[in-house]
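Please examine the model shown below with attention to its strand pairing and its enclosed spaces.

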Amino acid sequence: MSKLQLDTFTSYQFLSALNYNECADKAAYLVHQTNVEKNNYISNLWVYNKATGKSEQITETGDVKSYIWYDDNTVLYPLAKKECKSKEEYEEDSTTFALLNIGNKKSSKLFTVPLKASLVGRINDDTIVLTATKHVLRSAMLEGKQGQERKELLHQFKEEDESCTIFDEYPFWSNGTGVINKIRNGIYLYSVKNETLTQITAPYFAANQVKICKEKQQILFTGLEFDTIRSQKSGMYLYDLDSCETSCLVEPELFRIGEMGFFKDTVVFVGTENKDYSITECPKLYQVNLQTHTRTVLCGDELSVGNSVGSDCRYGSGSVFRIHGGKMYFISNIYDASHIQCCGTDGKISTILAKDGSVDMLDVCDDEIIYVAMHDMRLEELYVLPLEGGEEKRVSSHNDAFYQEFPPVMPERVYFTNSDGIEIHGWVLKPVGYDSSKTYPAILDIHGGPKTTYGEVFYHEMQYWANHGYFVFFCNPRGSDGRGNEFSYIAGRFGTIDYQDLMEFTDEVLKKYPQIDEKHVGVTGGSYGGFMTNWIIGHTNRFCAAAPQRSISNFVSMEGTTDIGKVFVSGQMLATTQTDVAKVWAQSPLKFAHNAKTPTLFIHSDEDYRCWMVEALQMYSMLVDNGVEARLCLFKGDNHELSRSGKPKNRIRRLQEITNWMDRHCKA
């Protein structure tokens, strides 16, 4: 057996976009893998045949990034756009869609729209529902313009973009997207027969989720119309294709709406008003009558819909909420794992699958659930589970070869009761080749969020460090997801009870594993984990090295510079720079940076608009000015997702930088 290498993740296969066709005899999904040479990811379509229980690769081009089922044997997908040959030419947005026959694997172009568009679904034989982004002011200026007049306008836009960027909205940029000022995501209907495109949302309306009901010829969507400030809350609307009218089901500014869908003669949605537990409040399940628009609580339990179990071995996403046969099926975080649960018309929740690890996406048909999961410390694979009872069955082997060559280091549970009487869940990975008579260095890894979780899933960086001679330990302190409102609510207390839990967990691990050399323990984490790493070095010198990643150092500066700054600071600090700047500053690691003595490596990306690069620059500058050994690696062309879906070469360099830093200080 071989030892896991730093770049072994380039051989992993990641699954996404899992969907049954309408008759549910096949399920399509995408398989992704890194391409180091081109520094990107290749993506191909696969189809699982329910009758045979086997999957087949359908495409080999490596550029199928999304799709919808067009009929039971055909998928519709966007063709990859070719690069503009002339740098002088301002290339207009357009998207060409092609039909792919699953049987003969041949494709043919169907239509092109003059927008950067994404597929929602085919609502009838003629109509395809799309979403598309556009610059509302420029689109209005271009309307009706043709020929030379249009070219001159496009050239003018190009010159403007090269000279300056205009901000007159908030938020003005978004992580992973870039500048979003005056950009709106609209909903469109495309007629295949007439080759016409019709927008059904107002120009300044920003759509979020979109669901269709073929039987009733209706489109359900969420979003809001705004001209200056985009709210985190949205409304819910229903568009009727027969009448061409839109009605408001849920007024905007009331809820943060999550998953939703048509449920019998009503619609349901997962939403929270953020009243009692600020922005971390667990949502409830609501039901809206389509005739009266009256809203009732279908299930008032503290839900956690979705998968918040972290891993750096995913790429892409899929549905976490499906409605089928009069029931809602959804992924739910329970403690340290994501399970499958369902809810009927009575509002009662029942658990369909409870297993350690994570369920990443699902779909449902009459007799089974199909899902992508990370179970038994494996990388993502495809599973099926009978609805009438039975055991889950793994029906894919995308990562079998890797699993056999590199058996994972199995996590050992370290559950303990903290000084406040609360049980904290954590784990330890022993170093490969562990010898109880020897001593080893160790790394404490802290998750982001804070309302996410660690669980018993494969994490490349942790597995690599264990293969590289380290103990690796990690836990879910207060603030983490999966245990209800009281446990996850740490607003106004950042750096207090969460810091306490992490330090007591470290004490517990050192006591349980005396083979760890307590003078050679490093600490790292990303996002909130980066915040906590910055906080730790300002409050203790017990760690010999630190590596904050995509971190927060100053909530005062974060409030006005990031895509979620205003919401995050007011919701998590319970104050703003206008209401109580002292409280915001008191929870900022930069305030305590003068205490830091720990050699620190900062990892950040220049397009990280979730935690902008000023956060790393400030902390780094303070440490250097105070004579602390520090290093800052600012990765180009990547964002907040660097460690999970960043450019392959940057991901390799990032892990190499952290490992080298830990080796230098923890293995001395």
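The questions that follow concern a predicted model, first an open sheet and then the cavities.

Q: In what order do the four strands of the open sheet stand?
A: The four strands form an open sheet, and their pairing is antiparallel. From one strand to the next, the twist averages 30°. The order is β1-β2-β3-β4.

Q: Why is one side of β1 and of β4 left without a neighbour in the sheet?
A: The strands in question are β1 (14–20) and β4 (54–57). Each has a single partner strand, so one side of each has no neighbour in the sheet. The reason is that β1 and β4 stand at the edges.

Q: How many bridges join strand β2 to strand β3?
A: Strand β2 covers residues 26–35 and strand β3 covers residues 40–49. The two run antiparallel, and the number of bridges joining them is 10.

Q: Which residue in β3 is the bridge partner of V31?
A: Residues 26–35 make up β2, which is joined by bridges to β3, residues 40–49. Within β3, the bridge partner of V31 is N44.

Q: How many cavities of 30 Å³ or more does the structure hold?
A: Rolling a probe the size of a water molecule over the atoms shows where empty space is left. For cavities of 30 Å³ or more, the count in this structure is three.

Q: Which element gives the largest share of the lining of the largest cavity?
A: The largest cavity holds about 60 Å³ of space. Its lining consists of L6, F9, D312, H460, E461, S643, R651, R654 and L655. Two or more of these residues come from each of α4 (460–467) and α13 (648–666). The largest share, three residues, comes from α13.

Q: How many residues of the lining of the largest cavity are charged?
A: Among the residues that line the largest cavity are D312, E461, R651 and R654. The lining divides into three nonpolar and two polar residues, while the number of charged residues is four.

Q: Which element gives the most to the lining of the second largest cavity?
A: About 50 Å³ of space lies in the second largest cavity. Its lining is formed by Q549, R550, I603, H604, S605, N639, H640, L642, S643 and R654. Two elements, β36 (600–605) and α12 (642–645), give two or more residues to this lining. The element that gives the most, with three residues, is β36.

Q: How many residues of the lining of the second largest cavity are polar?
A: The lining of the second largest cavity includes H604, S605, N639 and H640. Two of the lining residues are nonpolar and two are charged, and the number of polar residues is six.

How values were computed
Residues numbered from 1 in each chain as written. Predicted model: local features only at pLDDT ≥ 70, side-chain atom pairs only at ≥ 80, totals over all residues. Heavy atoms only, no water. Pairing = 2+ DSSP bridges. Axes fitted to C-alpha atoms, helices over the stretch in contact; angles between N-to-C directions. 1 Å grid on protein atoms, 1.4 Å probe; cavity = no way out; pocket = protein on both sides within 12 Å on 5 of 7 lines; lining within 4 Å. Points joined across faces, edges and corners; volume = space filled by probe spheres on them. Nonpolar A, V, L, I, M, F, W, Y, C, P; charged D, E, K, R; others polar.
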